[in-house]
Amino acid sequence: MIESVQGDVYSGNDAMPFRVAASTRARKLLILDGSSRWEIRYLRNLFSRDPAWVVDSILFGPGTDHYELPRGDQPGQFPDNNMGMSQYDAIIMGEVPPDQLEQSDADRLRDFVRRGGGLIVIDGRYGRVRELSESLLAELVPVRYENNDVAFEVERLQPTTLGADQAVLGLWGKPEEQDDFWEKLPPPIVAPVVIQQPDAEVLAEAIGTKGESSPWLVTRLFGSGRIFYLSTDQTWRWRHKVADRFHSRFWNQLLA
């Protein structure tokens, strides 16, 4: 409330009720993948060092410490009930082995997002995300795939008109220099050809060496939550000569 000044003919707008919500705990992140690839290593290290986050990571499948997905209610286990899932604020899911996921796991992932959780799906070269998008996670993955094994060499990443106005892609301070910044940012080597689902929005595209393009960063709302999809797993390349400057900023803004 502010004090009324002399001559104020209407004091009804001098006060306004409002509420403040405060988080009393660190945010919690679950990372799932089928291999210890560079993208996952850097993300796990980035958020594990951040005191604002508590990170659980599970690597499972052939060539990892857990051939099968460990389930339960302990750290290092995929929650086997909705209460366990609700302890997380966000989930980063990479190329998890489709044969290790059960219908009950997919149901819990859907319920987690529907109730307000955040899910980030990182595609890669094994085709596992594609398989999941055509089966258990068809409702969640916000893209469909054009043809079998179609990929192209990437020359640069480029925000769309919609994405240029989003805070998540604001990695450079001067708006007039954004185009030049993205042209110089180290791109992924190759990207798959995907098409966004009808209810999804494309925030950035991968532009090929022959002028072709395909969605790179796609998002959709799902219930009360949000899903992001990245068509490649090489944002760690942005660390070249600048360390965490852009890589850390992008991922913190994405999770925010």
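These are my notebook entries on two strands and several salt bridges in a predicted model.

**Entry 1: strands β1 and β2**

I started with strand β2, which covers residues 53-59. I looked up how many of its seven residues are buried. Five of them are, and I noted the strand as mostly covered.

Next I looked up its pairing with strand β1, residues 27-33. The two strands run parallel, and seven bridges join them. For one position I wrote down the residues facing each other: Leu32 stands opposite Ile58 in β2.

I then followed the chain from β1 to β2. The path goes through helix α1, residues 38-48. I entered this β-α-β crossover as right-handed.

**Entry 2: salt bridges, the count**

I turned to charged side chains. Side chains of opposite charge can pair when their charged atoms come close. How many salt bridges does the structure hold? I have 15 in my notes, and I looked up some of them one by one.

**Entry 3: Arg110 and Glu139**

Arg110 and Glu139 meet through their side chains in a salt bridge, with 3.5 Å from N to O. I checked where each residue sits. Arg110 belongs to helix α3 (residues 103-114), while Glu139 is in the loop between α4 (128-133) and β7 (143-145), so this pair ties together parts that are 29 residues apart in sequence.

Is Arg110 buried or exposed? Its relative accessibility is 9%, so I entered Arg110 as buried, because buried means under 20%. Glu139 is partly exposed, at a relative accessible area of 41%.

**Entry 4: Arg130 and Glu134**

I moved on to the salt bridge between Glu134 and Arg130. The closest N and O atoms of this pair are 3.2 Å apart. I looked up the accessibility of both partners. Glu134 has a relative accessible area of 53% and is exposed, whereas Arg130 has 18% and is buried.

**Entry 5: Arg239 and Asp244**

Asp244 forms a salt bridge with Arg239. I noted 2.2 Å between their closest N and O atoms. Asp244, with a relative accessible area of 23%, is partly exposed. Arg239 also counts as partly exposed, at 22% relative accessibility.

**Entry 6: a network**

Last, I looked up which residues are joined by salt bridges that share partners. I listed Arg71, Glu102, Asp105 and Arg108, which form one network.

Notes: Residues numbered from 1 in each chain as written. Predicted model: local features only at pLDDT ≥ 70, side-chain atom pairs only at ≥ 80, totals over all residues. Heavy atoms only, no water. Buried < 20%, exposed > 50% of the residue type's maximum accessible area, 1.4 Å probe, protein only. Helix = DSSP H or I, 4+ residues; strand = E, 2+ residues; numbered from the N terminus. Pairing = 2+ DSSP bridges. Right-handed = clockwise from strand over helix to strand, strands pointing away. Salt bridge = Lys/Arg side-chain N within 4 Å of Asp/Glu carboxyl O.
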